[in-house]
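Work through these short exercises with the model beside you. Try each task before reading its solution.

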Amino acid sequence: RKAEAQKNWPRWTDQSLLKSFADPKELQGDEDPSLPSPRERRAARLSVYKNSRCRMETCFDFSRCQKHGFKVFTYPREKDQPLSESYSKILASIERSRYYTAKPEEACLFVLSIDTLDRDHLSGQYVRNVDEKIRGFPLWNGGRNHLIFNLYSGTWPNYTEDLGFDIGQAILAKASFYTESFRPGFDISIPLFSKDHPQRGGEKGWLYQDSIPPKKKYLLVFKGKRYLTGIGSGTRNALHHIHNGKDIISLTTCKHGKDWEKHKDTRCDRDNVDYEKFDYQELLHNSTFCIVPRGRRLGSFRFLEALQAACIPVLLSDGWELPFAEAIDWGKAAVMGNERLLLQIPSIVRCMHPERVLAFQQQTQFLWDAYFSSVDKIVHTTLEIIKDRLFLHRSRSRFLWNTLPGGLLALPEFSTHLRDFPFYYLQHGSSPSEKFTAFIRAVSPVGSPSQPILRLIQAISGSQYCAQILVLWSCKKPPPPSGKWPQTTVPLTIIQGRGKLSNRFFPYAAIQTDAVLSLDEHISLSTSEVDFAFVVWRSFPERIVGFLSQSHFWDPEQRRWGYTSKWTNELSIVLTAAAFYHRYYHSLFMEYLPVGLRELVDGLAACEDILMNVLVAAVTKLPPIKVTQQKQLKETVSQQADGQSSFQQQDCLNQLANWFGYMPLVSSQLRLDPVLFKDQVSVLRKKYPRLEK
């Protein structure tokens, strides 16, 4: 009886309900016969990736990177060789960066001038005979130390990984990368981006920093094409099952392509009508989650669109190696779905706690701004990941890649310890060092003892927080002997300058403290002012904190940025003629910014001040902080302003905005004063009474 019961189990008591389900034979024959089998896919992959076992240790020549560091050479353009708009942007991103070298003998990495982005041979941008062309390059060397970019591979109907040429031992930076084709630690998965993606700067995310988004109208949305046949059709054909018309909107249309009417099914007409009822941008703005299914290829433009919109991507693309997954923790910004378990998606997103949803939304905005908002950022992230592989002893941790301000702005050349950067004190419960280094730029010869620089040194040395005083001697005459300098209780060191304005931000080894007090020789400050400003800076170590403020504005008539030194309620620049900032910004100024930008600064008056403020604002997305100062200091600065320098400052500001692709400066109306400042109370109750004189 027991054997008989097992044989007949399970007993379906309600066979009438089972008639609506598919027959097992029907399920077995449901796959599109045009799709390749796993064996065929594997054979196609091996034909493309003949060096499928490549790793950095086996297919990359590290010795090329030892002498000149990480430098990238782009092949010279061929006159008769057309370039797509996207590939032109990629090459421009490299050539205007700090990585670029025009000398191939200095290069660690090589990038072809042949456009390899679109390898669909049905495309008008498909370049033929690539194999023959690259074999004729004397630097090709079987692809060793080369980087190849690709956005589209394969063609109808299978859309395989075939690029149409042998990449040899080259690193492949590719969109829509299959995990089974991806060579870990060697290749790089990049996002699919459109030809309209901005070269630099890029649009901001839709969720403002440190803000809580309102409750969205929709929970989960999708609006896009439905493929009736071929690869990728299975997932998109099933999306209508989760549409409820209320908080889950899933709309598809089969009205695309030349012969869609030949393949239209019974749902097409109804779907097309519903599809037109909703606006795609409105759905993006008003939904918490966005479905990102695979298309013909694994990746789609929708992925970056969802990131920018702070719409948490719900990925339905099995086998997709996510962009920059070697560095980015996508588990904190996206929901990983399974194409075969589509019906579970609504319950998965409904079960997410609101706090976790908010954290995901904020992370989408960080990732968008840090790595994806422009072609520059996509290319530079690709190069920095390769660079980290080459110099493992000073590579970034995943924490640096996934935390503000991001891996591109946390230079491992400066340090690999979090406590050395100005951004991570709060996360680790630590504080910056309790001392500062005064850094005075001297351009005039020292004569009488009453000169401003000598009085300044005496005032600074009287601060309880001063560790040392460095004088950057930029005068043509030699510095006076040690006996001519005032006697101080802290070490006083003279550093010989090189004449360039930007050298005041060189990362001098003599600067040992976290805080730098940058000063010009003509500045007049009291010890109390210095002490108070330093106390304020320790609460805001990632910002510039200083005494002299300026502001920028948009001039609609001239259609350019304006610059003013007038005393107004708004400020966006604090001059480094008297300001505290973290010493890390010296390294960022000299190592992050390309040489061309620093040369621009050296040719314009007071431009180095503006560039440092623009750089810090670009990193922190925050304004500088102004602290109170004596009236005497205001008068000194106002006397020095003239029309010629103001014109050069405006020119500098507009050239910097053009280079960054946007205006990074942030305006503020905040000024910090000591408690009881100018209040009618006893002087004995005030901590900094001398500030009021």
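Ala, Val, Leu, Ile, Met, Phe, Trp, Tyr, Cys and Pro count as nonpolar, Asp, Glu, Lys and Arg as charged, and the others, Gly among them, as polar. This is a predicted model, in which local features need pLDDT of at least 70, side-chain atom pairs count only at pLDDT 80 or more, and totals for chains, interfaces and linings use all residues. Residues are numbered from 1 along each chain as its sequence is written, and side-chain values use heavy atoms, without hydrogens and water.

**Exercise 1.** Find the lining of the second largest cavity and sort its residues by class.

*Solution.* Start with the term: a cavity is a set of points on a 1 Å grid over the protein atoms alone where a 1.4 Å probe fits but cannot get out, and lining residues have an atom within 4 Å of a point. Next, list the lining: Arg543, Ile544, Ser572, Asn613, Val616, Ala617, Thr620, Leu622, Pro623, Pro624 and Leu665. Then sort: seven are nonpolar, three polar and one charged. The second largest cavity holds about 60 Å³.

**Exercise 2.** Describe the largest cavity and its lining.

*Solution.* First, its volume is about 420 Å³. Of its 26 lining residues, Lys377, Leu409, Tyr592, Trp659 and Phe660 are the closest to the centre. Now sort the lining: 13 nonpolar, six polar and seven charged. Last, look for helices (DSSP runs of H or I, at least four residues, numbered from the N terminus). Helix 13 (354-372), helix 14 (375-390), helix 21 (607-620) and helix 23 (643-660) each supply at least two lining residues.

**Exercise 3.** How many cavities of 30 Å³ or more are there?

*Solution.* The count comes to seven.

Note on methods: 1 Å grid on protein atoms, 1.4 Å probe; cavity = no way out; pocket = protein on both sides within 12 Å on 5 of 7 lines; lining within 4 Å. Points joined across faces, edges and corners; volume = space filled by probe spheres on them.
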